[in-house]
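Reader: Please take a close look at one part of this model, namely its salt bridges. I should like a connected account of selected pairs and their surroundings.

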Amino acid sequence: MYSSSAGNSMLCRNFLQPRIIQASYKTQKEGIACNTKVPRNVNMEKLQSAYLFPEISMREVQHIEKYPDAKLISLGIGDTTEPIPDIIASSMANYARSLSTAEGYSGYGAEQGNKALRKAIAETFYRDVQVKETEVFVSDGSQCDITRLQLLLGSNVSIAVQDPSFPAYVDSSVIIGQAGDFEDKTGMYGNIQYMKCLPKNNFFPDLATASRSDIIFFCSPNNPTGHAATRQQLEQLVKFAKENGSIIIFDSAYAAYISDDSPRSIFEIPGAREVAIEVSSFSKFAGFTGIRLGWTVVPEELSFSNGFPVINDFNRIVCTCFNGASNIAQAGGLACLSPEGFASVHSIIKCYKENAKILLDTFSSLGLKVYGGENAPYLWVHFPGSKSWDIFTEILEKTHIITVPGSGFGPEGEEFMRISAFGHRESIIEAARRLGNLYP
């Protein structure tokens with residue numbers, strides 16, 4: 001997010017449109033405007049009011065209008081802030097310029113991705129776990145792939161998610177028709193198993209009491225808690241999936257931030273190739289949040305209950321619903337995985353991790369319990385007995401700092417705040433100063 005009032009205002013005004021449309025919808029219901037005879041998708045009607053991050057952006061706009069001279073700092077939406085290294089930006093610029101020549105022009109690429117990039121991904125991230133380049137599908141980002149996987153799986157599967165977890169897993173499940181109605185009392189959708197991942201169980205579900213689900217969404221390092229699952233935990237997860245005939249959708253978008261010996265891929269665990277799909281991204285690894293590039297690994301061994309290979313159906317989904325990632329973005333991806341590019345992006349990751357350390361020390365010095373921040377760019381801060389939206393409002397009103405309320409990630413996120421370490425160093429230091437004054 002931009003730190004200037006004008007930048008924030010421009011960025012966020014588009015998020016006000018849903019409220020304007022909602023008002024128009026009410027007017028139409030009253031008979032003032034004509035409607036078509038097309039019924040609304042009943043699954044869309046199940047979705048709760050607003051997706052978490054646009055809701056935060058709308059509140060941000062309101063705050064800017066109230067305090068136009070405030071110097072707003074965002075520790076909220078996890079958007080990268082540091083410039084892309086020149087070697088990577090130049091590779092994309094050169095590729096774009098080459099499109100103006102007869103020799104350099106190219107049109108559609110393979111839907112599965114540039115062969116050289118698929119090979120580079122396999123060799124860079126999966127060298128020791130025997131992932132083949134043909135099992136790597138390059139995409140426009142892991143969040144898009146999550147939705148494509150939902151389309152692959154269909155509405156007749158049962159799912160389980162970590163609680164708390166990234167909201168897109170649940171919302172995409174609702175949209176595709178896997179979920180029941182939302183229950184206000186519990187804050188949960190029916191037909192979705194919410195697996196509690198709390199500090200008291202080391203942010204890992206109690207699989208001994210968990211019921212069987214067809215699909216298990218699992219993110220490590222976790223967004224929002226910042227916890228990286230240990231090897232023993234992932235071994236338990238794979239064993240559970242194999243015993244129950246389930247498929248794990250493993251989100252490793254933050255694997256590059258792992259500092260200890262926690263696995264960076266589910267395929268480091270023996271047997272995972274038979275029960276898991278992995279999605280990942282260049283967004284937080286290389287600052288490609290606006291460029292859009294990611295990948296999904298579907299092992300050849302993974303099959304449906306009738307023995308049909310999952311990879312074949314996913315390939316069909318990709319070829320039907322996607323024309324392939326931008327050739328320019330893929331040129332940037334290849335540059336990221338060159339020796340010089342790889343070293344450059346890791347220097348930026350190091351900067352974000354130093355930011356996380358500053359914020360971790362700040363919140364810890366205030367007597368608050370802080371989780372994460374060591375293997376992920378997120379901190380998970382506990383405010384006992386408080387409502388997370390109330391804490392969001394208090395911090396915003398008194399310090400002009402944007403955070404993310406934990407309840408937006410699931411019922412077990414209540415009392416917590418997610419703090420992002422993405423930001424310029426001077427902003428992080430200033431945020432630490434303001435927070436120290438708020439909670440002296």
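Author: The following account concerns the salt bridges of this model. The model is predicted, so local features need pLDDT of at least 70 and side-chain atom pairs count only at pLDDT 80 or more, whereas totals for chains, interfaces and linings use all residues. Residues are numbered from 1 along each chain as its sequence is written, and side-chain values use heavy atoms, with hydrogens and water left out.

The structure holds 18 salt bridges, each defined as a side-chain nitrogen of Lys or Arg within 4 Å of a carboxyl oxygen of Asp or Glu. One of them joins the side chains of Glu-397 and Lys-66, at 3.3 Å from N to O. Because Glu-397 belongs to helix H14 (residues 388–399) and Lys-66 to helix H4 (residues 52–66), this pair ties together parts that are 331 residues apart in sequence. Helices (H or I, at least four residues) and strands (E, at least two) are DSSP runs, numbered from the N terminus. Glu-397 is partly exposed at 30% relative accessibility, while Lys-66 is exposed at 51%; buried means under 20% relative accessible area, exposed over 50%, and partly exposed in between (1.4 Å probe, protein chains only).

Helix H14 also contains Lys-398 and Glu-394, four residues apart, about one turn of the helix. Their side chains meet in a salt bridge of 3.4 Å, N to O. Lys-398 counts as exposed at 57% relative accessibility, and Glu-394 as partly exposed at 25%.

Elsewhere, Glu-412 forms a salt bridge with Lys-196, with the closest N and O atoms 3.7 Å apart. Finally, a network of salt bridges links Glu-135, Arg-273 and Glu-301.
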